[in-house]
Amino acid sequence: MTEKKPYYLTTAIAYTSGRPHIGNTYEIILSDAVARYKRAQGYDVFFQTGTDEHGQKIEEKAAAAGVTPKQFVDEVAGKIKANWDLMNVSYNKFIRTTDEDHEIQIKKIFKKLYDKGDIYKSTYEGLYCTPCESFWTESQLVDGCCPDCGRPVKKASEEAYFFKLSKYADRLVQYYNDHPEFIQPESRKNEMINNFIKPGLQDLCVSRTSFTWGVPVDFDPKHVVYVWIDALSNYITGIGYDADGNHGELFKKYWPADVHIIGKDIVRFHTIYWPIMLMALDVPLPKQVFGHPWLLIGDGKMSKSKGNVIYAEELVEKFGVDAVRYFCLHEMPFAQDGTITWDLVIERTNSDLANILGNLVSRTIAMSNKYFDGVVTNPKVSEPVDEELISLALATPARVEKKMNEMHIGDALEEIFQLLRRSNKYIDETMPWALAKEEDKKDRLATVLYNLLESIRISAVLLSCFLPETGEKILDYLNTQKRDFASLEVFGQLEEGIKVAEKPEALFQRIDAKKFFGITEEETKPAVKDETPKISMDDFSKVELKVGTVKECVQHESAKHLLVFKIDLGKNDIRTIVSGISKYYKPEEMLNKQVVVVANLEPVEIQGIVSQGMILSADNKKKTCVVIPDHEVKAGSKVR
């Protein structure tokens with residue numbers, strides 16, 4: 001038997017200052033999807049997460065609560081771990097920076113770097129932000145406040161040990177150049193180079209004397225090791241790194257890490273401080289750091305002080321674990337921030353989970369029971385209409401794999417739902433209820449239902465990596481043993497002769513938004529009657545909206561009201577689009593602007609020019625305004 005290839009991934013360790021909200025929880029859900037997928041591919045996965053438990057902020061919070069710092073972090077770490085468990089996270093290790101074996105190694109790491117000459121003692125004078133535990137220079141402040149959290153800073157002068165970041169700056173840039181995949185998304189790398197490395201790296205403060213809650217420096221006990229070395233080193237101490245060289249088997253097996261999954265706000269620490277520390281320790285660097293975007297509440301970052309926080313426990317109580325997992329994974333773009341509101345979760349639960357997925361599984365199994373007593377057979381009475389469904393079912397695993405390899409997790413999940421949508425369409429095309437009325441069509445009916453059940457099986461096997469309870473439940477309903485990725489290579493692996501569940505429970509219940517929010521009928525009556533026809537989410541999902549960059553814009557030669565655009569939609573897709581907005585915009589005004597394009601319209605000839613899409617505009621009766629993103633994004637980015 002071939003030995004499985006090791007795969008090591010980590011999350012950032014959560015700071016134990018308080019209860020995690022759904023924005024914090026998103027990261028662990030994302031990482032779990034990657035871990036489960038890699039296991040399903042056959043990798044020997046080690047998935048580590050945990051908590052960061054030292055620092056001045058925790059010392060102060062513990063004092064305010066009238067408990068010791070250890071009592072404080074024990075309680076909060078317990079809540080964080082319970083939250084991760086609630087979300088059905090399959091981590092292999094939950095490390096705490098108060099673990100004895102971790103603290104032993106932090107002391108040894110600090111001493112090793114000091115003995116090597118990479119750590120030296122000096123005095124720090126600067127502006128300090130207590131909540132962020134960060135020193136800043138005057139030029140780095142924003143409106144006189146901390147650039148990270150916006151809170152006031154205070155002047156501080158303190159004896160401290162410093163780590164020579166600047167010594168390794170050139171070597172780090174060379175590593176970036178030699179390993180272009182190291183920082184993802186790509187834009188984060190440019191930010192690190194332009195904003196932090198090019199202006200000149202300042203040596204890093206790595207000890208503190210103004211508080212005591214931390215790992216003491218062995219040879220200078222009034223100092224405690226500061227967060228950078230203490231917290232970041234968990235990725236190696238957690239798997240048995242030993243600064244003396246007597247590494248454990250896990251470290252030998254799994255390091256270097258395949259990916260550190262972290263929030264975009266701590267990319268600097270993981271792509272500058274951490275790799276330089278590893279270089280100084282003569283330890284190989286991780287293969288990749290993925291800085292995911294934030295999950296925002298409405299249009300702003302979640303903040304307890306703003307009172308706009310949503311907690312995972314609250315969402316799970318209303319929607320269930322897998323519905324929350326689905327929303328977090330599906331709605332987060334690769335590089336831009338995502339948005340969560342109660343309305344959006346209801347909408348996505350109803351449209352995708354209850355309708356597209358749940359309804360498909362329910363009615364397919366119901367038809368199997370109604371027409372064949374639930375027994376699965378495949379007479380293989382095929383017709384051309386089957387080919388598109390089967391072709392997509394076979395292509396979906398590879399499409400999912402491509403997206404997962406690129407860390408486009410939401411897009412990977414969407415590939416599965418494209419197969420589910422196609423399966424629903426297949427029911428409409430084949431009309432099993434009509435076939436059932438003709439005795440000589442019985443074998444054809446059995447084939448149609450088999451194709452549906454097999455497509456559902458393939459979807460469920462893939463879905464188990466993202467929505468583990470739901471995927472397993474569907475496979476249980478099918479009563480199949482074919483649950484691994486190897487069974488996805490050939491269409492037709494669902495066993496004949498098995499019997500599907502007789503009365504399976506609905507996978508997801510539709511949610512009445514009015515009842516959910518306690519809205520009365522009177523409150524829902526519109527002041528003005530809306531005559532606009534309503535569309536379903538399925539209808540909307542057919543519209544492909546993309547952001548494009550205007551490369552050329554000229555007046556139409558024979559139609560004064562028309563402008564002719566050349567718009568870059570990414571991946572060498574340059575579209576010619578004709579738009580009747582010359583009354584409101586001059587050609588030069590539109591050049592290099594980004595616009596939103598309906599990218600999947602049928603091409604149409606307008607005044608002798610074939611237009612390959614439509615630019616979205618808002619009409620307020622006085623002036624038509626083109627819809628323009630509020631900041632630049634990558635050409636081809638989807639709008640949804």
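What follows is a look at one sheet, the salt bridges and a charged surface patch in this predicted model.

The sheet first. It is an open one, built from 4 strands in the order S6-S5-S7-S9 with antiparallel pairing. Strands S6 (134–136) and S9 (204–205) sit at the edges with a single partner strand each, so one side of each has no neighbour in the sheet. Further in, S5 (residues 119–129) and S7 (residues 154–163) run antiparallel to one another and share 10 bridges. Within this pairing, Thr123 sits opposite Glu159 of S7.

Glu159 also turns up in a salt bridge, with its closest contact to Lys222 at 3.2 Å between N and O. That link ties together distant parts of the chain: Glu159 in strand S7 and Lys222, 63 residues away, in the loop between S10 (207–208) and S11 (224–225). Glu159 is partly exposed at 27% relative accessible area, whereas Lys222 is exposed at 51%.

The salt bridge count comes to 35. Among them is Asp32 with Arg36, at 2.8 Å from N to O. These two residues are 4 apart in helix H1 (residues 22–41), which puts about one helical turn between them, and both are buried. Another joins Glu472 and Arg483 at 3.0 Å, with Glu472 in helix H18 (residues 468–478) and Arg483 in the loop between H18 and helix H19 (513–517). Both ends are partly exposed, Glu472 at 35% and Arg483 at 27%. Elsewhere, Glu53, Lys70, Asp74 and Arg96 are joined into one network by salt bridges with shared partners.

As for the surface, Lys571, Lys634, Lys638 and Arg640 cluster in a positively charged patch. Lys638 belongs to strand S25 (residues 638–639) and is exposed, at 53% relative accessible area.

How values were computed:
Residues are numbered from 1 along each chain as its sequence is written. This is a predicted model: local features need pLDDT of at least 70, side-chain atom pairs count only at pLDDT 80 or more; totals for chains, interfaces and linings use all residues. Side-chain values use heavy atoms; hydrogens and water are left out. Two strands pair if DSSP finds at least two bridges between them. Patches are made of residues with over 30% relative accessible area and no salt bridge: like charges are joined within 9 Å, nonpolar side chains (Val, Leu, Ile, Met, Phe, Trp, Tyr) within 5 Å. Accessible areas come from the Shrake-Rupley method with a 1.4 Å probe; for residues, only the protein chains shown count as cover. A salt bridge is a side-chain nitrogen of Lys or Arg within 4 Å of a carboxyl oxygen of Asp or Glu. Lys and Arg count as positive and Asp and Glu as negative; His and the chain ends are not counted. The place of a charge is taken as NZ of Lys, CZ of Arg, CG of Asp or CD of Glu. Buried means under 20% relative accessible area, exposed over 50%, partly exposed in between (1.4 Å probe, protein chains only).
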